[in-house]
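Biologist: Please show me the model, and then we can go through its ligand site.

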Amino acid sequence: MTELEKLRPSDAATRRLVRRLVDEPERWALFLDIDGTLLDLAATPDAIQVPLSLASDLSAVSARLGGALALVTGRSLPYADGLFAPHRFPIAGLHGAQFRSADGKVNAVVETPAFAAIKLRLLQQTAWMEGVLIEDKGAAVAAHYRLAPAYDKALEQIMRAFAEEAGPDWVLQPGKMVFEIRPSRADKGEAVASYLEEPVFAGRLPIAIGDDLTDESMFALANARGGQSIRVGSLSTETCALAKASSPSALRSALATIASSSGERKASAS
Ligand SMILES: O=P(O)(O)OC[C@H]1O[C@H](O[C@H]2O[C@H](CO)[C@@H](O)[C@H](O)[C@H]2O)[C@H](O)[C@@H](O)[C@@H]1O
Ligand SMILES: [Mg+2]
């Protein structure tokens, strides 16, 4: 049994991922969501834990793919950078509204004074909701009710009204125990499409891996381009993802296997 087989990830979708990226690294481009996909979900946005070897594993997998690995997240770009420093990946933050190319160029929506005023009123209007957390992400804002599920409906109403008031440049983005108001000009699918125009990614088949509603647009894009899409963990809503992985830890173990198999190809091929 090869080293690769001893480190077998825990489910079929991640096993296929390992096979693909080990046997044909020149063929694929990898687009990874962060929360609920690379990282286990936590009670609050800042309570997440980044496993020690994850950043270096991601860097090794990126090297194996010739740099064709991007993170596509609802987190802000600076926040996502901080999770994996000193490694710097191509990152699309705020669900695609902040975009850093493989060559480091950044194109991002900035908040307006009117949006800043809306965020302030949101804080004031939800101050009484014990356990609701407002996450200010600059050109986006998230209202979390993971610690206060009873406020789900009331919070949705408030966020819907503010999204309306913010106008066509912003849109309501529901997620796991969260309602967000994010810039409407780009979603994760459009971010992946933009990466696929870049020399590092061009000509490769996309593999999009995510866990939440916001990832459906990149699953659809990957599927439409003849690539693969994997939904991680459990979510009650329908998905267009072609495969399911059991958990972020199953995905992390697959990435560790790929990272540790530098140079090794299919045993039978050797
Ligand atoms: O697109 P992602 O990288 O998955 O980011 C989506 C949102 O993730 C964060 O919220 C979620 O994770 C939190 C920590 O595990 C959890 O407490 C919360 O309930 C989840 O909704 C982040 O706070 C958001 O800004 C992201 O948009
Ligand atoms: Mg996620």
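The questions and answers below deal with the ligand and the space around it.

Modeller: This is a predicted model, where local features need pLDDT of at least 70, side-chain atom pairs count only at pLDDT 80 or more, and totals for chains, interfaces and linings use all residues. Residues are numbered from 1 along each chain as written, chains are lettered from A and ligands numbered from 1 in written order, and side-chain values use heavy atoms, without hydrogens and water.

Biologist: Which side chain has an N or O atom 2.5 Å from an oxygen atom of ligand 1?

Modeller: A polar contact is a pair of N or O atoms within 3.5 Å. Asp 33 places a polar side-chain atom 2.7 Å from a ligand 1 oxygen, and Asp 35 has a backbone N or O atom 2.9 Å from one. The side chain at 2.5 Å is that of Glu 180.

Biologist: How much of the accessible area of ligand 1 does the protein cover?

Modeller: Accessible area comes from the Shrake-Rupley method with a 1.4 Å probe. On its own, ligand 1 has 570 Å² of it. The protein covers 98%.

Biologist: How many charged residues are in the shell around ligand 1?

Modeller: The shell has 22 residues, counted as near if a heavy atom lies within 4 Å. Asp, Glu, Lys and Arg count as charged. Beside seven nonpolar and five polar residues, the charged ones number ten.

Notes:
A polar contact is a pair of N or O atoms within 3.5 Å; within protein, one must be able to donate a hydrogen and the other to accept it, and residues adjacent in sequence count only if both atoms are side-chain atoms.
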